[in-house]
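This report introduces a structure to a reader who has not met it before. It moves from one chain as a whole to the contact between chains, and then to two groups of strands.

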Amino acid sequence: MGALSVAREGDVAVVTFDLPGESVNKFSRKVKDEFAKTMTALRADQGVKAVVIISGKPDGFIAGADITEFVAAKTEDEFRKLAREGQQFLDALEAFPVPIVVAIHGACVGGGLEISLACHWRVATNHPKTILGQPEVQIGIIPGAGGCNRLPRLIGLRPALDMILTGKNIRAEKAFRMGLVDELVAPPILRSAALAAAARLARQVIPPRRPRGSWLLDRSALGRGFVISQARKMTVGKTGGHYPAPIAALEAVAYGLAHGTKRGLVHEADLFAQMAMTDVSRRLVEIFFAATNLKKDAGVPAPAPDPRRIERLGVLGAGFMGAGIAVTAADQAGVSVRMKDADLTRVGKGLKAVADVIGERVKRRSLTRLEGGKKLALVSGGVDYRGFLRADLVIEAVFEDVEVKRNVLREVEAVTCPGTVFASNTSTIPIARIAEASQRPEAVIGMHFFSPVHRMPLLEVIPSAKTAPETIVTAVAFGRRMGKTVIVVKDRPGFFINRILAPYMVEAGHLLKEGVAIEDLDRAMVRWGFPVGPVTLLDEVGLDVAVKVGGVMREALGERVTPAISLEALVASGRLGRKNGRGLFRYEKGKKAGVDPEVYSVLGVPGGGGTVKDTVSVTERLSLAMLNEAARALEEGVIRSPRDGDIGAIFGIGFPPFRGGPFRALDALGAGAAVAKLELLAARHGDRFAPAGSLVDLAKRNARFH
Amino acid sequence: MSGTNGRRVAIIAGCRTPFAKAGTALKDVSAVDLAKHAARELLVRTELDPKLVEQVIFGQVIPSVLAPNVAREVSLLPQFPKNIPAYSLNRACASSNQAIADGHDQITLGHADVVLAGGTEALSDVPILHSRRFAAILVEASKARSLGKRLGILARTRPRDLVPVTPAIAEPSTGESMGQAAEKMAKENGITREAQDEFTLRSHRGAAAGTKDGRLTAEIAPFFVPPRYEETLASDNGIRGDSTLEQLAQLKPVFDRRYGSVTAANASPLTDGASAVLLMSEEKAHALGLEPLAFIRSYAVAAVDPGEQLLMGPAFAVPKALERAGLTLKDMALVEMHEAFAAQVLSNIQAFESKTFAREKLGRSEPVGQVDRDTLNVMGGSIAIGHPFGATGGRITTTLANEMKRRDVQFGLISVCAQGGMGFAMVLERR
């Protein structure tokens, strides 16, 4: 069965794209060939005075090119051919003798947008699901079917760069204002409006579009040069030189504007092929597949029970964490939330934190004022357990102490119904120990969010040995409704994220003690690809929290995570990190203002820091400490698979995505090489670098994690 | 009623925002948001499944032009399904009493099993209008076809047209203000300044005691004041438990500065607040395992000529409601009277007790009865607590029902006077 059907409405031909057996339309070679054939037939039909292209899917236009076809290509030539064929088809579309109107409802991204750009008139619905974008850079490539050439010509250089270099989606209203679509209509009349436009265009020439942007910056050669050089500078700064695709996209756009579309397209295809061959693109595509896979993972082996539907959430503790959970649940999952804390002042502070997050979204216009008001009305607070009886899920974010947590667990069980799931947002306490206080341990689970909850994309779900599968799938499904990427991890100290962070942080302490400057530590890891270095991370997490986590980790893992420096001394000196404006860095008005030089003497670093400068060994020691621990965590079953570990590290601590996660990074290095390096480090710096058993085993078998 | 006309209606619970003097803590909160807060907290406190609510009825005396049907805004709270019909009504100061009465009727008729009734008022946020002439100019200008014409029309505006019109608390039919009416009643009924001030003091002391021992605050859902949420109002802010007769005596009368007796203290203040009450058929409450606070036994409404004694409505409504209940004032173990003015409450009590009034106005041989001061407004009333017009009835009903349960008494009476010479009365029964 074909993906296209043609209907005639008077002298307008309506081509409906409806890929059989798929929930969304994807553009593949096969679809393209069918399209070309259809268009040839229409070209021959003298009765056809205009064409409308529309999707047969209820909620989507074209979600892009078929990525499986993209992955199947192996050589640069194959990729170039893929791009050139797409371009040639779209050239033919653009040169079609009668006008083509495209009717857009739902996602119109990647190849979908490129097709629309080649058509002569774009009608879109004003529906929130209608979004337009060129997300190619997110998988390490560039728009290769004319996007780098047609988009800047249609909407102007600066808006086009903004779309292509970031990969962000544009809502329909904004797309209309930008000139990316020509008409904005209500969803029910999309087809008839497109037909009307087609009939109109069949009779008259297409009105010339107003050139977009300013003459100076977007159209003069001088201005363009300036814009492009500025954009290059900014992109290099933002990507740290690790991501070549945005730079290549910039070059494709610049080349096309300077040398005309014809040569521009050839160059675009070349750059597309080059990017597609990079390791970075491979890693990003792998992450895309892994994350997509993870989204379908119920959290327990099949057959998985159905998750309990959560409509009402109770949150204990209205602090920063509790309020973050509350607002994210209301905002993303749309559930009714009741927060409880000990006194009205704390509840008020929590509600303020909730209102601030919503207010920020309204300010950024990602929510209307009315939508914001509705989300805000979902969250309420009090000082007692009234409003908890009907809660389907209660998440506690109270003080990190096992007795306190057990007490609230008992209280919650006394006031809720038997089916209610109790989740603890602990970062250090074993779920099993909390669940000891429970009458129904099968409904007790860990949900470890990261702060700030509304921004951090990862959630660790931690079942204890007694947790029922239904509870696990419920926590996983609700975490996803909250917009989180969820990994299920074992109830072991530190779970996964803090587990791999512990030796990394400890190693940073060793390096600091040995005389490496704080700035150099951070700079080395940012250069390696982390968003922030270990010392900045420490300040963000909070030194008091780090002390607590560190204690638990040392108790569990022993010698290899024994700190070289005393964070307790820093805490005693009144330094808690960013939250109180004093950490290893100084803060002025909430902004980082350089290293606090006194820190070295508080920590007893001889010579005051900065006496050792060896960034190669800094990077190697820090990264291998983390990678080695990840391998240990995998062999102990803390994570279910290397996939979960990779995604967890990327989404949880910003592990460099272009490295694909700890296990992809180890694979890239090779188990043998990793073991050799670790053994060398162990000989030089101590047993803490002893290679993980699984790594040694892989090295012996010359095998890989993936 | 009382089980003879249909199903018995239970009062399950009530809850309200703190009442704040207009222009203070709640001055930036809209009446809609106050109403939503009271309704949502009532849901929380009763742990009711929001899907069970079949109708929402709210009273408001001075509605916002932007959200004239406040009840529908309440029933569109995200906690509710979207399909709960809702309407708002205006029976002046008895509006939320009327909302409760309407809810009662709907349940009795079998049209609903669960009704959320209440009322709200934001007297800090009354609509300020343009003059009629300026409004006409604006309407005409908006229809003009060209900028020139529009400017021409706008140019007709005169400075006096720009003077805003604020709603006055006065009778549209007589032009008499509420205060003037109270003043007239004090004089005609011989209510002294001392008696009014004593009654005022009593109101504040009762409310202060109820606040201190938590009986009153138990009915209040603390309000976190946005956008800073630093101020949390958990009790009514107009109660002055420490005021003395001497202080009250020093205040100048407002409406008749020479011979008058009605002061700012012995009248209820302009107030912001909202209240909500959950009503249910007896069977439904039983099926859900909820223990009602009380049941509605009867109610009645009456009206008098606003040109005579404007706030005398209760003197007519109360005997009617008692008659419908088949009871007498003696049977009432607790009485809650809305205190618009001390002079008004005392005038009404005087009428209840007067043989002449009974004979001449009610056509009865015997007076309605004595009001026992020990069982009247036991936690103070509107003078101390405040009077957000649309919300007071919900407050009084909740307080009476809670106190009836606390004391385990069988009957209680509500009386409320309202603009337009109207009066409202309701009899509650415990079992």
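Two residues are in contact if their C-beta atoms, placed from the backbone, lie within 7 Å. In chain B, of the contacts between residues at least 6 apart in sequence, 80% join residues at least 24 apart. The model is predicted, so to speak of a local feature requires pLDDT of at least 70 and side-chain atom pairs count only at pLDDT 80 or more, while totals for chains, interfaces and linings use all residues. Residues are numbered from 1 along each chain as its sequence is written, with chains lettered from A and ligands numbered from 1 in the order in which they are written.

**Chain B as a whole**

Chain B has 14 helices and twelve strands; helices (H or I, at least four residues) and strands (E, at least two) are DSSP runs numbered from the N terminus. Of its 431 residues, 54% are buried, that is, 20 or more other C-beta atoms lie within 10 Å of their own C-beta atom, placed from the backbone. The C-alpha atoms of chain B fill a box of roughly 75 × 55 × 45 Å along the principal axes.

**The contact between the chains**

Chain A gives 19 residues to the contact and chain B gives 18 residues. On the side of chain A that touches chain B, helix 14 of chain A gives the most, with eight residues. Among the other elements that give two or more residues there are strand 12 (336-340) and helix 15 (369-377) of chain A.

**Strands 14, 15 and 16 of chain A**

Two strands pair if DSSP finds at least two bridges between them. The table lists parallel pairs of chain A.

| Strands of chain A | Bridges | A bridge pair |
|---|---|---|
| 14 (393-396) and 15 | four | Leu393(A) and Val421(A) |
| 15 and 16 (444-449) | three | Ser424(A) and Gly446(A) |
| 6 (107-109) and 8 (131-133) | three | Cys108(A) and Leu132(A) |

Both faces of strand 15 (residues 421-424) of chain A are covered: Val421(A) and Ala423(A) are buried on one side, Phe422(A) and Ser424(A) on the other.

**A four-stranded sheet of chain A**

Strands 4, 6, 8 and 9 of chain A form an open sheet in the order 4-6-8-9, with mixed pairing. Strand 4 (60-62) and strand 9 (169-171) of chain A stand at the edges with a single partner strand each, so one side of each is left without a neighbour in the sheet.

Terms used:
A residue is buried if 20 or more other C-beta atoms lie within 10 Å of its own, exposed if 12 or fewer, and partly exposed in between; C-beta atoms are placed from the backbone.
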